[in-house]
Amino acid sequence: MIKNVVFDMGQVLMYFDPDSYIARLGYTGEDAALLKREVFRSADWVSTDHGTKLPAQAAEDMCRRLPERLHAAAEELCCRWWQGEIVPVPGMAELVRELRAKGYGVYLLSNASSELHKYFHRIPGSECFMGKVVSADVKLLKPMHEIYERLYSDFDLKPEECWFVDDSPTNVECARCTGMGGSVFYNDAKRFRRELIEQGLDLTEE
């Protein structure tokens, strides 16, 4: 019996869109491509999620690869991208709130920097979460099996009583390998709701 639903954050609860963050700063063309590559697609970015570098340290390393004209933008994107608009995924806040109202446990398992704690409250439905495992805090990343095991141990959860949702098929498959069921999220809250109902959860059909 599923008693707990575990959510990824980016592209599940909220949209994470590097192109829009770059455009918001007024960059286009070659400069926009450079920023996307050297900030969001860099190993330094992953290091902030892993907790091996603070965002400010990662930004310094990114700037070493970028022309000086882009240094301020790189620092802004690496350290403060979340200060702009948070765009929720439609239907997910309502689902989270219904799950909690029906007595199910609701948890977060996210690859994110420690900055998440500064903006998570701005995501609709976040008030319902009973616990969070943030990769930077525990210095583990999905799809490492250890991060799922950390979730179970931190909140005294039985994996067979949990259902995980993530936009990454790899992360879902690795969650399954630790004993937790899961769904790949395809930007469709109604589809995910149906999948939970199929697993026996008491939810309103839409």
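In this predicted model, Glu161 is buried, with a relative accessibility of 17%. The residue is found in the loop that joins α9 to strand β4 (162-166). When residues up to four places away in sequence are not counted, Glu161 touches Met1, Ile2, Lys3 and Asn4.

Two further loop residues have positive phi values although neither is glycine. For Gln11, phi is near 70 degrees, a positive value in a residue other than glycine. Gln11 sits in the loop between strand β1 (4-7) and helix α1 (18-24), and its relative accessibility of 28% places Gln11 in the partly exposed class. For Lys139, phi is near 55 degrees, again positive in a residue that is not glycine. The loop between α8 and α9 holds Lys139, which is partly exposed at a relative accessible area of 48%. The loop between α8 (135-138) and α9 (145-155) also contains Pro143. The peptide bond leading from Lys142 to Pro143 is cis, and its omega is near 15 degrees.

The largest nonpolar core comprises 53 residues, of which Phe7, Met92, Leu99 and Phe192 touch the most other members. Leaving aside neighbours within four places in sequence, Leu99 is in contact with Val5, Phe7, Tyr104, Val106, Leu196, Leu201 and Leu203. A second core, separate from the largest one, has 18 residues, including Val138, Leu140, Phe164 and Met180. In soluble globular proteins, nonpolar side chains tend to be buried together.

Helix α5 (residues 71-80) has Ala73, Ala74, Leu77, Cys78 and Cys79 as buried residues. These buried residues of α5 pack against α1, α2, α3 and α4 (55-63). The two cysteines of this group were examined for disulfide bonding. A disulfide is a covalent bond between the sulfur atoms of two cysteines. With a cut-off of 2.5 Å between cysteine sulfur atoms, the model has zero disulfides. Cys78 is in no disulfide, and the cysteine sulfur nearest to that of Cys78 belongs to Cys79, 4.6 Å away. Likewise, Cys79 is in no disulfide, its nearest cysteine sulfur being that of Cys78 at 4.6 Å. Because the sulfur atoms must lie within 2.5 Å to be paired, the 4.6 Å between Cys78 and Cys79 does not qualify. The relative accessibility is 5% for Cys78, which counts as buried, and 9% for Cys79, which also counts as buried.

The largest pocket encloses about 710 Å³ of space. Its lining consists of 32 residues, and those closest to the centre of the pocket are Gly10, Phe16, Trp45, Asp49 and Asn111. Helices α2 (29-40), α3 (43-50) and α7 (116-119) each supply at least two residues of this lining. The largest share is that of α3, which contributes four residues. Sorted by class, the lining of the largest pocket is made up of 15 nonpolar, nine polar and eight charged residues. Helices α2 and α3 thus appear in two settings: both supply residues to the lining of the largest pocket, and both are packed against by the buried residues of α5.

Note on methods:
Residues are numbered from 1 along each chain as its sequence is written. This is a predicted model: local features need pLDDT of at least 70, side-chain atom pairs count only at pLDDT 80 or more; totals for chains, interfaces and linings use all residues. Side-chain values use heavy atoms; hydrogens and water are left out. Buried means under 20% relative accessible area, exposed over 50%, partly exposed in between (1.4 Å probe, protein chains only). A nonpolar core is a set of buried Ala, Val, Leu, Ile, Met, Phe, Trp, Tyr and Cys residues joined through side-chain atoms within 4.5 Å. Contact means heavy atoms within 4.5 Å. On a 1 Å grid over the protein atoms alone, a cavity is a set of points where a 1.4 Å probe fits but cannot get out, and a pocket is an open set with protein on both sides within 12 Å along at least five of seven lines; lining residues have an atom within 4 Å of a point. Grid points are joined across faces, edges and corners, and a volume is the space filled by probe spheres set on the points. Ala, Val, Leu, Ile, Met, Phe, Trp, Tyr, Cys and Pro count as nonpolar, Asp, Glu, Lys and Arg as charged, and the others, Gly among them, as polar.
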